[in-house]
Amino acid sequence: MTDPASDLPPVSPVPSASAGPRTPSDVAAAWHRQAGDSVLLDGFHALKHAVRFGARVRIALTADRAGALALADELAGDVRDTLAELLTEVPHETYAALVPRPHPTAVAALAVRPSRADNLRRLAHTPRTAPVVVLDNPRNLGNAGAVIRLAAGFGATGVVTTGTLDPWHPTVVRGGAGLHFATAVERLTVEELPSGPVFALDPEGEDIRSLELPDDALLAFGSERSGLSAELRARADHLVALPMRPQVSSYNLATSVAMTLYHWSATSGSPSSATGRATGGAPGGAPV
Ligand SMILES: C[S@@+](CC[C@H](N)C(=O)[O-])C[C@H]1O[C@@H](n2cnc3c(N)ncnc32)[C@H](O)[C@@H]1O
């Protein structure tokens, strides 16, 4: 499978730790200057993932540099040196004043959002080697974040949302654990969806166990409230059901995506990257 981060520009860390002493107020001022159009990476794991998948980090702070680097030694040897270069230590009050909700790891960073043009190019690129996940008018920010994390884990080409939810909302980014940088995440209309056969998930569809989902599929899921929209249904080539005993109405959106991506990976798609920790073969060569 193509490494989704392979055509991103290289990481260009702000040389915070090596640039000599900076006062907490200098650091806070730099943070405020950059915060407006940046993606907030909340916590050690979000920063670790973003760096692994090629994010350009503008500034990274911690109230506990030794603790963060100990975590890096334990969990992220592949990016440990980059994190050491990026992270500037500030007093806890400075850190806590800059983030909406302090994270237990006391790490936060600001990264450049990938360009929409690049993401659209990735989504449109054919032949596609892994499906695009489409969330049709999702309502729950936590679900959207969980789906982006799943898509990254399975090496999906991208996650497209329709409707009003912003898939780059800070709460979605928090739920995605920094993995927005490992897959192409954009909001589009149904008419703008990339080409490819649409397999739309609906309890009334054909049993997924009788189907193979092709690598170029668009796997579409309905909204938590009302399921698939009429527009999406009109664009669908197949309606697909997940097995469910009678009297249960539906599964949660993110768990439906998990089952469907698992079915794709087990039956047709076999992203070399989705073998996970055991082989260390995730995109970028590191565990997701
Ligand atoms: C929480 S469900 C939506 C429930 C909604 N009240 C409805 O009327 O469909 C969110 C989405 O998950 C997917 N889903 C949930 N359970 C499913 C099942 N058993 N088979 C196929 N898709 C399912 C569908 O795409 C559905 O639109």
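Both faces of strand β5 (132–136) are covered: Val132, Val134 and Asp136 are buried on one side, and Val133 and Leu135 are buried on the other. A residue is called buried if 20 or more other C-beta atoms lie within 10 Å of its own, exposed if 12 or fewer do, and partly exposed in between, with C-beta atoms placed from the backbone. In a regular strand the side chains alternate between the two faces of the sheet. By this count, 5 of the 5 residues of β5 are buried. Strands here (E, at least two residues) and helices (H or I, at least four) are DSSP runs, numbered from the N terminus.

The structure is a predicted model, in which local features need pLDDT of at least 70 and side-chain atom pairs count only at pLDDT 80 or more, while totals for chains, interfaces and linings use all residues. Residues are numbered from 1 along each chain as its sequence is written.

**Overall features and confidence**

The protein chain has 10 helices and 10 strands. Of its 288 residues, 46% count as buried. Two residues are in contact if their C-beta atoms, placed from the backbone, lie within 7 Å. Among contacts between residues at least 6 apart in sequence, 81% join residues at least 24 apart.

The predictor's confidence in each residue is given by pLDDT, from 0 to 100. The chain averages a pLDDT of 89, and 86% of the residues score at least 70. Over residues 1–18, however, the pLDDT is below 50, and this stretch has 45 contacts in the model beyond near neighbours in sequence. For residues 273–287, pLDDT likewise stays under 50, and the model has 32 contacts there beyond four places in sequence. Where pLDDT is low, the predicted coordinates should not be read in detail.

**Strand β5 and helix α6**

Strand β5 is joined to β6 (158–162) by 5 bridges, and the two run parallel. Strands pair if DSSP finds at least two bridges between them. Within this pairing, Leu135 stands opposite Thr161 in β6.

Helix α6 (residues 116–124) has the buried residues Asn119, Arg122 and Leu123. Seen down the axis of α6, these buried residues fall within an arc of 100°, so they line one face of the helix; the arc is that of the directions from the helix axis to the C-beta atoms. They pack against β5, β6 and β7 (184–187). The face turned away from the buried side carries the exposed residues Ala117 and Arg121.

**Backbone exceptions**

Most residues other than glycine have a negative phi, and most peptide bonds are trans. The loop between α6 and β5 contains Pro127, which a cis peptide bond joins to Thr126, with omega about -5°. Two alanines have a positive phi, as the table shows.

| Residue | Phi | Loop | C-beta neighbours within 10 Å |
|---|---|---|---|
| Ala106 | about 55° | between α5 (92–98) and β4 (107–112) | 21, buried |
| Ala177 | about 55° | between α8 (170–175) and β7 | 22, buried |

**The ligand shell**

A residue is near a molecule if its C-beta atom, placed from the backbone, lies within 6 Å of it. Of the 17 residues around the ligand, Leu201, Gly222, Gly227, Leu242 and Ser250 come nearest. The elements that give two or more residues to this shell are β8 (198–207) and α10 (253–267). Strand β8 gives the most, with 3 residues. The shell divides into 9 nonpolar, 6 polar and 2 charged residues. Here Ala, Val, Leu, Ile, Met, Phe, Trp, Tyr, Cys and Pro count as nonpolar, Asp, Glu, Lys and Arg as charged, and the others, Gly among them, as polar.

Strand β8 also pairs with two strands. It is joined to β9 (residues 218–221) by 3 bridges, running parallel, and Ala200 has Ala220 of β9 as its bridge partner. With β10 (residues 238–241), β8 pairs in the parallel sense over 5 bridges; there Glu206 stands opposite Val240.

**Two further helical residues**

Thr267 lies in helix α10 and counts as partly exposed, with 13 C-beta neighbours inside 10 Å. Beyond four places in sequence, Thr267 touches Glu212 and Leu213. Thr267 and Glu212 are 55 residues apart in sequence, yet 6.0 Å apart in space, C-alpha to C-alpha.

Asp81 is placed in helix α4 (residues 80–86) and is exposed, with 11 other C-beta atoms within 10 Å. Asp81 and Leu69 are 12 residues apart in sequence and 9.1 Å apart in space, C-alpha to C-alpha.
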